[in-house]
Amino acid sequence: MNTFLKTITAAALTLAVTGPAAAADWGKGSTVRIATEGAYAPWNYTDSSGKLVGFELDLAADLCARMEVECEVIQQAWEGIIPALQAGKYDAIMAGMSITEKRMEVITFSRSYAATPAVFVVKSDGPLADFKADVDAVTMEELTAGETAAIEAVKAAFAGKTVGVQIATTHENFLNEVLAGDVTVKTYDTQENLDLDLQAGRVDAALAAMSYWKPLLESDNGKGLEMAGPGFTGGPFGNGVGAGIRKEDQALADMFTAAIDAAIADGTVSKLAIEHFGFDASAKN
Amino acid sequence: MSEALALLAWGDGGWGDEMVFGAFVTLQVATLAFVLGIVFGAGGAAIKLSKVPGVPLIGDLYTTLIRGVPDLITIYIIFFGGGQAAMAVARVFGYTGYIESDPLTTGVIALGIISGAYSTEVIRGAVLAVPKGQIEAAKAAGMSTLTRFHRILIPQVARYALPGLGNVWQLTLKDTSLISVVGLVEIMRQAFVASGSTKEPFTFFVTAAVLYLALTSLSNKVFDKAEIWANRGVRRV
Amino acid sequence: MITLFDKPDNVWELIANGLPWTLTLAASSLAIGFVLAVGLALLRLSPITPLRWAAWSYVYFFRSTPLLVQIFLIYYGLGQFEAVQKSVFWPLLREAHWCAILALTLNTTAYTSEIIRGGLQAVPWGQVEAAKACGMSVLMRFRRVVFPQAIRQALPGYGNEIVLMVKSTSLASTITLLEMTLIARKETSATFTIEPLFVAAVFYLAINFLATRGVMALEYKLSPDLRDAKRSLPLPDQEPVAR
């Protein structure tokens, strides 16, 4: 049965993946469909009039103008966002998605437009409230002695605690790879559901991007929450956030890269980042 | 209380209009999926009642698989794998483009497949409930297969199947909530989004429950009326 | 209880890690729900109008709203209130598995009570009159005459309910409980293949197959008078139940 199922699944997948490449011609005025989640403020979220708004919506509009294409934004649940790209429901993903080696195995990316460290957030009156590490930033490649010590400090402080994270994220990978065995990991369908449980005290800490936390912590919804420990980048967190694109559509990825280069050069990305995140989370060259 | 009402206000300031819009999407998906399910159900019943050896097994496989596997898993499989499977089939026929599939279409297909498995059993039961003697009598009266079908079988199958199909409708309507996890903005997804944004999940899930109650109650009435209509020529015992 | 960290290479073993939770959820909610459902069915048939009405409303609410809404109302909805977080129930309500068991139990109680009510109403009135004439007390009539027959009558419908509950446990994956469905979803999103979902489907099919066989065997055992010599096992009732 196992082999039988494997064969069927594999057959379906291989057929789909190895079929003749259907790379479209992304000429002037063609339509590019961009998927976003709509539940990850301030990157992309839904306002009370039901409209999709956020950093990536503004950026997408700017990039599409630069690429001289029509853009259509489609809302898609996070968990199926890569499979649906491969299935052709849309042509690009702009949903706070980090460029990781694991994802590069199945799709390609434009260059990064934003980079933001991952950081733990805890309740100010919770058990991890006073946790501090000696370094502010840990890059998960070629660790320095200080960085190794900081990771060990996190491990010691978080031992036996429950940490929440959104499903299918780089943050989930990090917890599974680095804090394996020390903490209980709870996975959530959306970051917003995780926030509800953090406030309710069902998790002791939550791991997500600093750019997500900062505006939340400054708003009413973030009352009683605070960041804890260093910001993490690199390694399992990938190399910044970019637009995810099907491998066959390298031409489209190149167009995005060129447009992002231009938008970074003239300060548009920085301006939008400051407007939405309150700090400059734009990718540096 | 007034705070909750403000959250549910109509227009751009509140989520009332979005929730009601979600209810329309729910109704739309449920209706389309239910109708598709009846088509699958009629086909499934025909396969299950087939006298060709081996053929009924295909029908059994369909109903057993769908009714034995959680609907959530079926939906995930169709959402994640369905597009690729459809493309694989299309490529066999030489089509190389991408097949457009928005969450609505995929949701309708997924729910239609699930609803169809239950409809298969209902329709099969209804066909079996039509007395054999009537078919024989119609044959003896010289009716063609087609005439027998639309004069004798269909009207009675419809009547016998109606209560069961009412159950299938309720199931399909409630199953639409599962499509929310894969992104279709119906009642449930709208409630997720609104409670995430306002941090007031209780208000929005109660609202969602009320909307579902309204939809099920109203559709119950419709099915009751339809049953009375379908039984208009039948003597009450 | 279950750890994903010592990750088995085999996706079958991985999904099997969620089996204990799936079975725990299904078994505990079915067991508690059955007991509550007998009480609720009796209330539905009670001569006291407010009781009958309350029982009807309960059944109506839980059968007319999706289980997913009920789960979210209990897990996220109740968890929002500080009064709940400070109450004595919080140690239970803060845990996803207790919330899941609570929601599944309340839900199955409503459906099962209808199945049992049908069984109770199917007992011929003449038998109850005969039992009365023999001088049996209310309790004894219920225990010896009505209940055993009602249960046998309700068994096929209850078999369906068991299958539906096993399936329903998959909704606990939406509130972070690491049962089979969530493990399969995590693995699917990590590997970008849908194989883990197929594997989970096979597990659910196997559980449901065993459960329906069990109910059929029980039905056979409880129906010595109805046994057909030519047919070894009665076929299960195929009526769908809306959820």
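**Exercise 1. Place F40(B) in chain B, and decide whether the residue is buried, partly exposed or exposed.**

*Solution.* Begin with the secondary structure: F40(B) is found in helix α2 of chain B, where helices are DSSP runs of H or I with at least four residues, strands are runs of E with at least two, and both are numbered from the N terminus. The model is predicted, so that local features need pLDDT of at least 70 and side-chain atom pairs count only at pLDDT 80 or more, whereas totals for chains, interfaces and linings use all residues. Residues are numbered from 1 along each chain as its sequence is written, chains are lettered from A and ligands numbered from 1 in the order in which they are written, and side-chain values use heavy atoms, with hydrogens and water left out.

Next, turn to accessibility: F40(B) counts as partly exposed because its relative accessibility is 31%, given that buried means under 20% relative accessible area, exposed over 50%, and partly exposed in between (1.4 Å probe, protein chains only).

Finally, look at the neighbours: F40(B) forms a nonpolar surface patch with V35(B) and V39(B), and together they have about 250 Å² of accessible area. Such patches are made of residues with over 30% relative accessible area and no salt bridge, nonpolar side chains (Val, Leu, Ile, Met, Phe, Trp, Tyr) being joined within 5 Å and like charges within 9 Å; the areas come from the Shrake-Rupley method with a 1.4 Å probe, and for residues only the protein chains shown count as cover.

**Exercise 2. Describe the interface of chain B and chain C by its residues, its area and its polar pairs.**

*Solution.* First, take the residues: 42 from chain B and 39 from chain C take part in the contact, which means heavy atoms within 4.5 Å.

Second, take the area: about 3400 Å² is buried between chain B and chain C, and carbon and sulfur atoms give 73% of that. Buried area is the accessible area (1.4 Å probe) that two parts lose on being put together, summed over both. Of the area that chain B buries against chain C, I73(B), K174(B) and F202(B) supply 18%, more than any other three residues.

Third, take the polar pairs: between chain B and chain C, 11 residue pairs are in polar contact, both residues at pLDDT 80 or more. A polar contact is a pair of N or O atoms within 3.5 Å; within protein, one must be able to donate a hydrogen and the other to accept it, and residues adjacent in sequence count only if both atoms are side-chain atoms. On the side of chain B that touches chain C, α9(B) gives the most, with 10 residues.

The interface also has 1 salt bridge, that is, a side-chain nitrogen of Lys or Arg within 4 Å of a carboxyl oxygen of Asp or Glu. D71(B) forms a salt bridge with K167(C), and their closest N and O atoms are 3.4 Å apart.

**Exercise 3. Which parts of chain C are tied together by the salt bridge of E114(C) and R44(C)?**

*Solution.* Start from the pair: the closest N and O atoms of E114(C) and R44(C) are 3.3 Å apart. E114(C) lies in helix α7 (residues 96-121) of chain C and R44(C) in helix α2 (residues 19-44) of chain C, so the salt bridge ties together parts that are 70 residues apart in sequence. Both E114(C) and R44(C) are buried.
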